[in-house]
Amino acid sequence: MLQIVKQDFLSSVQYLSKEQAAISKMLLLTAFARFFVMGITIVGLPFLVRAHLGFNAKYYGAAESALAAATILGSIAAGILAEKLKIHTLSFLLAALGIFMIPAGIVFLLPVNAMIKYGVTVVSFCGMQAVISIFSIFAVSLIQQRTPNHFIGKVMAYTATVTLCVQPLGQTVYGFLFDRFHSAVYFVLIPTGIIVCIVGLSATRFFRNMEVCE
């Protein structure tokens, strides 16, 4: 059984790295996006609302409910737009993740009250959650379309494993970062937003090439 698992794993890795490098790059971009977004939302939201702003559990619960609603709306939007979205728009979705992060950092630089900071943070995080839902669903659907039927089970298992593994890694990294910059959280949010924006825009050519080869 172990030999079968090993062989299946190696064959899927070989397929992704040699025969379908575009799928491999798509997988890495999906993992990249989830690393930053899940790290910031899962670790950053409770830290910002409870520890940094000092709001009670009622406000944190409201923020979590808003995030859940944003996830559902993003999933619905992905289903509605699946046939209309072009592949190259994935780069703009990736850049949008970074754009939503930046206001959440800027607001902590401004001399405004805690309620305004809370509102901007929740709206920004909801935007990230909706966009990552659309991006992930569309990216996974694209990977499925580009994978032959006899490889699809192996490739999707590999995809799920990679994306699931980067999430706790992102949470650990951002746990340390928010702890280190607890009094200057903009040093975490703004640079992260800029990095994600740059990567998203840099991937425009890659997604356009995928679109041409479709």
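The following exchange goes through a predicted model, from its confidence and fold to a few selected residues.

Visitor: Which helix of the protein chain has the lowest confidence, and which the highest?
Guide: This is a predicted model, in which local features need pLDDT of at least 70 and side-chain atom pairs count only at pLDDT 80 or more, while totals for chains, interfaces and linings use all residues. Residues are numbered from 1 along each chain as its sequence is written, and side-chain values use heavy atoms, with hydrogens and water left out. The mean pLDDT (the predictor's confidence in each residue, from 0 to 100) is 86 for the protein chain, with 95% of residues reaching 70 or more. Confidence is lowest, at a mean of 71, in helix α1 (residues 2-19), and highest, at 93, in helix α7 (residues 186-202).

Visitor: How many helices and strands does the protein chain have?
Guide: Helices (H or I, at least four residues) and strands (E, at least two) are taken as DSSP runs, numbered from the N terminus. Read along the sequence, the pattern is α-α-α-α-α-α-α-α, and the count is accordingly eight helices and zero strands.

Visitor: What is the radius of gyration of the protein chain, and what would a compact globule have?
Guide: The C-alpha trace spans about 55 × 40 × 25 Å along its principal axes. The radius of gyration is taken over C-alpha atoms, and the globule rule is 2.2 Å times the number of residues to the power 0.38. For 214 residues, that rule puts a compact globule near 17 Å, and the protein chain agrees with it at 19 Å.

Visitor: Is Phe108 buried or exposed?
Guide: Phe108 is placed in the loop between α4 (89-106) and α5. Leaving aside neighbours within four places in sequence, its contacts (heavy atoms within 4.5 Å) include Leu48, His52, Lys117, Tyr186 and Leu189. Burial is judged by relative accessible area with a 1.4 Å probe and protein chains only, where under 20% is buried, over 50% exposed, and in between partly exposed. Because its relative accessibility is 8%, Phe108 counts as buried.

Visitor: Why is the pair of Tyr59 and Tyr118 called edge-to-face?
Guide: Rings of Phe, Tyr and Trp (its six-membered ring) pair if their centres lie within 6.5 Å, and planes under 30 degrees apart count as stacked, over 60 as edge-to-face and the rest as tilted. By this rule there are twelve aromatic pairs. In the pair of Tyr59 and Tyr118 the centres are 5.5 Å apart, and because the planes stand at 90 degrees, the pair is edge-to-face.

Visitor: Which helices hold Tyr59 and Tyr118?
Guide: Tyr59 is partly exposed at 24% relative accessibility, whereas Tyr118 is buried at 10%. The pair links distant parts of the chain, 59 residues apart, with Tyr59 in helix α3 (residues 57-81) and Tyr118 in helix α5 (residues 114-146).

Visitor: Which residues do ring pairs link into a cluster with Tyr174 and Phe178?
Guide: Tyr174 and Phe178 are four residues apart in helix α6, which means a separation of about one helical turn, and both are buried. Ring pairs link these two into a cluster with Phe32, Phe35, Phe36 and Phe47.

Visitor: Which residues does Gln167 touch, not counting residues up to four places away in sequence?
Guide: Gln167 is found in helix α6 (residues 149-180) and is buried, because its relative accessible area is 14%. Its side chain reaches the backbone oxygen of Thr163 at 3.5 Å. Beyond residues up to four places away in sequence, Gln167 touches Arg34 and Met38.

Definitions and conventions
Polar contact = N/O pair within 3.5 Å; in protein donor to acceptor, adjacent residues only side chain to side chain.
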